[in-house]
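Thanks for coming, everyone. I'll walk through one model this morning and keep it quick. Have a look at the sequence and the structure first.

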Amino acid sequence: MPTRQTSLQTSLQENSWPDTPGDTALTIHVPEADALVRTGSRAHVTVLYPFLPLPRITGRLERDLRALIAMSPAFTLTFHATQRWPGVLYLPPTPATPVRALTDALRARWPEAVPYRGIFGEEGLAPHLTLASGEGTDDIPASPFRNALPLHTQVTAVRLITTEGAGTGWRDAATYPLAPSTARTINSRARSTSSPSSRELSTSN
């Protein structure tokens, strides 16, 4: 019985999930890692690929999507180390729980959106940031990437991206903010409370 790793390697070699026009994905951009990525795309962690066809994401459905994502608080991801699957060099995020929670919430609402078209089973792949993939990747040394670690990123939004089909790349279609994290809100309130108002400053002078 093929394992998930061998399925991944076969899928990469055979392009078993070709993109079609109007395909979408929900992703987290990680700009801190853009310079490390060798796939031709910007650094990202996939929340759900593919999502729904772009023509469907309008009106009430888009409002529901925005509201669902806004229920999740912002969070921080850290990338400590490189890992490999056959033909893939990637960074696992820590913690992975908030990414999984977003995926689970989206799938509960839209069960027809099956990760990676079901190639890796109902659960898809673990959250990851792909650095390189495809032929020759297993020969790429990991040390140059490790030298740039750890990386930290503040996740405050999820991006909807779309493609016109295989070989055309991906573009942003929408951005959906997460809820402010409790810690961020408390710190903001503390700063505003501790900072003197302009009236207080003028009085003290």
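How many of the seven residues of strand 9 are buried? Six of the seven, so count by the usual cut-off: buried means under 20% relative accessible area. Strand 9 runs over residues 157-163, and it is mostly covered. One caution before I go on: this is a predicted model.

Now the partners of strand 9. On one side there is strand 1, residues 24-29. Strand 1 and strand 9 pair in the antiparallel sense, over four bridges. For a residue to click on, take Thr27: Arg159 in strand 9 stands opposite.

Strand 9 also pairs with strand 10, residues 170-177. That pairing is antiparallel too, and it has seven bridges. Val158 is bridged to Tyr176 in strand 10. Together, strand 9 and strand 10 make a hairpin. Six residues sit between the two strands. Look at Gly165 in that turn: phi is positive, about 130°.

Next, a separate sheet. In which order do the strands of the open three-stranded sheet run? The order is 6-3-8, and the pairing is antiparallel. Strand 6, residues 93-94, and strand 8 are the edge strands, each pairing on one side only. Strand 3 covers residues 75-79 and pairs with strand 8 over five bridges. Phe79 has Leu151, in strand 8, as its bridge partner.

On to helix 3. Leu106 is located in this helix. Is Leu106 buried or exposed? Leu106 counts as buried, because its relative accessible area is 1% and the cut-off for buried is under 20%. What does Leu106 touch, once residues up to four places away in sequence are set aside? The answer is Leu26, Val47, Leu48, Leu65 and Leu68. Leu26 is 80 residues away along the chain, yet the C-alpha atoms of Leu106 and Leu26 are separated by 9.7 Å.

Helix 3 also brings us to the second largest pocket. The space in this pocket comes to about 230 Å³. Its lining has 18 residues. Nearest the centre are Val47, Thr103, Pro115, Glu123 and Leu125. Which element gives the most to the lining? Helix 3 does, with five residues. Strand 2, residues 44-48, is another supplier, with at least two. By class, the lining has nine nonpolar, four polar and five charged residues. Note that Val47 appears twice in this story: it is among the contacts of Leu106, and it is among the lining residues nearest the pocket centre.

After helix 3 comes the loop that leads to strand 7, and three residues there deserve a stop. The first stop is Tyr116, in this loop. Phi of Tyr116 is near 55°, a positive value in a residue other than glycine. Tyr116 is buried, because its relative accessible area of 10% falls under 20%.

Then Arg117, in the loop between helix 3 and strand 7 as well. Arg117 is not a glycine either, and phi is positive at about 60°. But is Arg117 buried or partly exposed? Partly exposed, because 36% relative accessibility lies between the 20% and 50% cut-offs.

The last stop in the loop is His128. His128 counts as buried, at 9% relative accessibility. A polar atom of the His128 side chain lies 2.7 Å from the backbone oxygen of Ala126. What else is in contact with His128, leaving aside neighbours within four places in sequence? The list is His44, Val45, Thr46, Trp85, Tyr90, Leu91, Pro93 and Tyr116. So Tyr116 comes back here, as a contact of His128, because the two have heavy atoms within 4.5 Å.

Finally, the cis peptide bonds to check. One joins Tyr49 and Pro50, with omega about -15°. Pro50 is in the loop between strand 2 and helix 2. Another runs from Leu149 to Pro150, with omega near 5°. Pro150 is in the loop between helix 4, residues 143-146, and strand 8. Strand 8 is the edge strand we met in the open sheet.

That's my tour. Happy to take questions.

Technical notes: Residues numbered from 1 in each chain as written. Predicted model: local features only at pLDDT ≥ 70, side-chain atom pairs only at ≥ 80, totals over all residues. Heavy atoms only, no water. Buried < 20%, exposed > 50% of the residue type's maximum accessible area, 1.4 Å probe, protein only. Polar contact = N/O pair within 3.5 Å; in protein donor to acceptor, adjacent residues only side chain to side chain. 1 Å grid on protein atoms, 1.4 Å probe; cavity = no way out; pocket = protein on both sides within 12 Å on 5 of 7 lines; lining within 4 Å. Points joined across faces, edges and corners; volume = space filled by probe spheres on them. Nonpolar A, V, L, I, M, F, W, Y, C, P; charged D, E, K, R; others polar. Pairing = 2+ DSSP bridges.
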